[in-house]
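This report looks at the salt bridges of one protein chain and at where their partners sit. Please keep the sequence and the model in view while reading.

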Amino acid sequence: MTTPSGDKAPIPKEKWWSETESPKAWMSVRDADLYEALLHRVAELRAGEPLRVVEWGAGRSTLWYTSFLAALGVPYRWLALEHHGQFFQESLAPQLNQRPDAVAVDHDDADAIRALLATNNTVAVGFGAGDLRPFLPGREADRHADLDAYVSLPSRLGLEWDMVVIDGRKRRRCVLEALELLDPAGFVLLHDAWRTHYQCAWSEWTSGRRFGDEWWIGSRADTDFTDVLPWHAFERHAELP
């Protein structure tokens, strides 16, 4: 919030968690911390088996949360998909390729990526689309960009996942695609869930619930999600103005 003089006004303490951007991901402190807690909890439920995560929309979150799981000593397999090729090559691939247990590639050869997932904890895949922002005035044509390969890659791998996290492009399609990807006990997460044009896909899931500021969580099982998220996660959410 900016004052008439151009100075930034202090954020009221009761709103700080929701109105301050997290260093962990491009989301509020509250949402980033709840996501971290959920990863920790689902990893515990895996009882020593690798936590298997697909992430549509890679970036700061990919780097932070894979490091978090590694610091916990949690075994995991993380597939990150990013549509914006230039961002991927400049901001994500160089950092991941410095890690001994991670690799970043710019192709969607399913057989090759499946083999990489067998030997790396993190595999990030970049696609050749540009900076698509269909939500901005004058950028409506971005909504029609061909991202079929980006959406379909996880299903082409023929693997099962514990969590599918959706925070990139084609989110409604990805919510539906996740139905065929998850373990029966798994969870799908959608960020920016206040955007009403995503919400028509929620009814395909047996259970679903808003949490945090901008998250929605879904499951194929009948659950209220209180076994994986704290009670305060379900209070007060962002909505359309």
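Why does D108 count as partly exposed? D108 is partly exposed because its relative accessible area is 27%, the class lying between buried (under 20% relative accessible area) and exposed (over 50%), with a 1.4 Å probe and protein chains only. R156 counts as partly exposed too, because its relative accessibility is 33%.

The model is predicted, so that local features need pLDDT of at least 70 and side-chain atom pairs count only at pLDDT 80 or more, while totals for chains, interfaces and linings use all residues. Residues are numbered from 1 along each chain as its sequence is written, and side-chain values use heavy atoms, with hydrogens and water left out.

A salt bridge here is a side-chain nitrogen of Lys or Arg within 4 Å of a carboxyl oxygen of Asp or Glu, and by this rule there are 15 salt bridges. Among them are the following pairs.

| Pair | N to O distance |
|---|---|
| K24 and E36 | 3.1 Å |
| R30 and D213 | 3.0 Å |
| D108 and R156 | 3.0 Å |

In the pair of K24 and E36, which links distant parts of the chain, K24 lies in the loop between helix 1 (16-19) and helix 2 (29-45), and E36 in helix 2, twelve residues apart; helices (H or I, at least four residues) and strands (E, at least two) are DSSP runs, numbered from the N terminus. Both K24 and E36 are buried, and R30 and D213 are buried as well.

Salt bridges also link R46, R52, D162 and D183 in a network.
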